[in-house]
Amino acid sequence: MTAQRQQAVSASASAEPAGPEAPPAVSLRGVVKRFGGFTAVDGLDLDVPAGTCLGLLGPNGAGKSTTMKLLTAQAIADEGEITVLGFAVPRESKRARAAMGVVPQQDNLDEELTARENLEVFAHLYRVPRRARREAVDDALALAHLTGRRLTKVDDLSGGMRRRLLIARGLVHRPALVLLDEPTVGLDPQVRAELWGLIDGLRSRGTTVLMSTHYIEEAERLADGCALMSHGRVVARGGPAELVAEHAGERVVEHYGPPDRLEAVERIARAAGLPTRRTGPSVSVLKAETIPPSLADELGPDGVRRAASLEDVFVVLTGERVE
Ligand SMILES: Nc1ncnc2c1ncn2[C@@H]1O[C@H](COP(=O)(O)OP(=O)(O)OP(=O)(O)O)[C@@H](O)[C@H]1O
């Protein structure tokens, strides 16, 4: 293991947050992935600093899952360079995979086995030494709040418990890096909140987390940093609050009315250099705190004020919507 690799692995595995000088846990440079004539990942540059949670945020089809698959070498890039925990992928993907945990979007637990047995199988596959296996499995069960259900067959677990077990399975070998592909997709709000608690707990253990999601709220709550992805590229990168401040400002004013009124609002705002977005029957004017009084008069008094959000940023930068 090179010194850089050693640093990447141990920085993410340690309880202390990694310093800015630590090498990134994941690095992609100019990565391209094509399926036939279609380019799913289009020159992607992305770093995930060790010890942080990065949210890869984008609508369906943005290329998030393909990016995850490139990191595990389930898909092979046509161009570019990928490093995971200091290992070059796909060349050293076997070693990279052994050091990371992968939590897939689809539940592929063994339903005939108990929660505990599912984890034991993976502890074995991940080559956790025999003498350390029991403790590793117990730890993963505790982290996922499943100790009391360890002897329950997967078939008899609730949907939320199965999801927690799936995450626990990806953690059983105490990886320095965990890839979570849409961890809460399709789950009800209560189960989602439970999982958020679990994912948040990973960060306090110093684990690096790369999480794809199309839920804005998920990224806002969990991620230290967000990469907004659209059509296979990262279009903006930063902390959720930073991105909102930079691209949408503090406040937004929503104007409702007939189409010609909305067009007039857009025209006036854009002439003044203010970003706008359409939402069904309204036009939102972003960075509203910078609107001078004369322009506010021109826009009219009918606007509804609200705080700017990451969703505003996404729509303004990509023209697409996420939930
Ligand atoms: N094996 C494949 N063959 C052909 N096209 C593919 C393949 N895998 C993905 N794609 C296409 O690549 C694009 C990006 O897909 P990807 O699954 O990475 O998006 P995503 O951002 O993860 O969205 P979702 O949340 O829907 O999974 C989509 O248009 C998809 O149809």
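The legends below accompany an overall view and several close-ups of a predicted model.

**Figure 1. Overall view of the predicted protein, which has 323 residues.** Twelve helices and 14 strands make up the regular elements of the protein, and its C-alpha atoms fill a box of roughly 75 × 40 × 40 Å when this is taken along the principal axes. Of the residues, 43% count as buried. Among the contacts with a separation of 6 or more, 70% are made by residues 24 or more positions apart.

**Figure 2. The span 26-256, which the UniProt record lists as "domain: ABC transporter".** The entry that carries this annotation is unreviewed. In the model, the span is 36% helix and 29% strand, and the C-alpha atoms at its two ends lie 44 Å apart.

**Figure 3. The largest nonpolar core, with 85 residues.** Within this core, the residues that touch the most other members are Val-84, Ala-168 and Val-172. The core draws at least three residues from domain 1 (3-243) and at least three from domain 2 (249-307). In soluble globular proteins, nonpolar side chains tend to be buried together.

**Figure 4. Close-up of Val-84 and the residues that it touches.** Leaving aside residues up to four places away in sequence, Val-84 touches Val-26, Leu-71, Val-89, Ala-96, Met-100 and Leu-177. One of these partners, Val-89, also takes part in the peptide bond shown in the next view.

**Figure 5. The cis peptide bond between Val-89 and Pro-90.** The omega angle of this bond is about 10°, and Pro-90 lies in the loop that runs between β5 (87-89) and α3 (93-99). Most residues other than glycine have a negative phi, and most peptide bonds are trans.

**Figure 6. His-145, a residue with a positive phi although it is not a glycine.** The phi angle of His-145 is about 55°, and the residue is found in the loop between α5 (130-143) and α6 (159-171). His-145 counts as partly exposed because it has 16 C-beta neighbours inside 10 Å, whereas 20 or more would be needed for a residue to be buried.

**Figure 7. Glu-182, another residue that has a positive phi without being a glycine.** Its phi is about 45°, and Glu-182 lies in the loop between β7 (177-181) and α7 (189-204). Glu-182 is buried, because 21 other C-beta atoms lie within 10 Å and the cut-off for a buried residue is 20 or more.

Terms used
Residues are numbered from 1 along each chain as its sequence is written. This is a predicted model: local features need pLDDT of at least 70, side-chain atom pairs count only at pLDDT 80 or more; totals for chains, interfaces and linings use all residues. A nonpolar core is a set of buried Ala, Val, Leu, Ile, Met, Phe, Trp, Tyr and Cys residues joined through C-beta atoms within 7 Å. A residue is buried if 20 or more other C-beta atoms lie within 10 Å of its own, exposed if 12 or fewer, and partly exposed in between; C-beta atoms are placed from the backbone. Domain bounds come from an automatic or database domain assignment. Two residues are in contact if their C-beta atoms, placed from the backbone, lie within 7 Å. Helices (H or I, at least four residues) and strands (E, at least two) are DSSP runs, numbered from the N terminus. UniProt positions are given in the numbering used here, feature names are shortened, and annotations may be inferred rather than shown by experiment.
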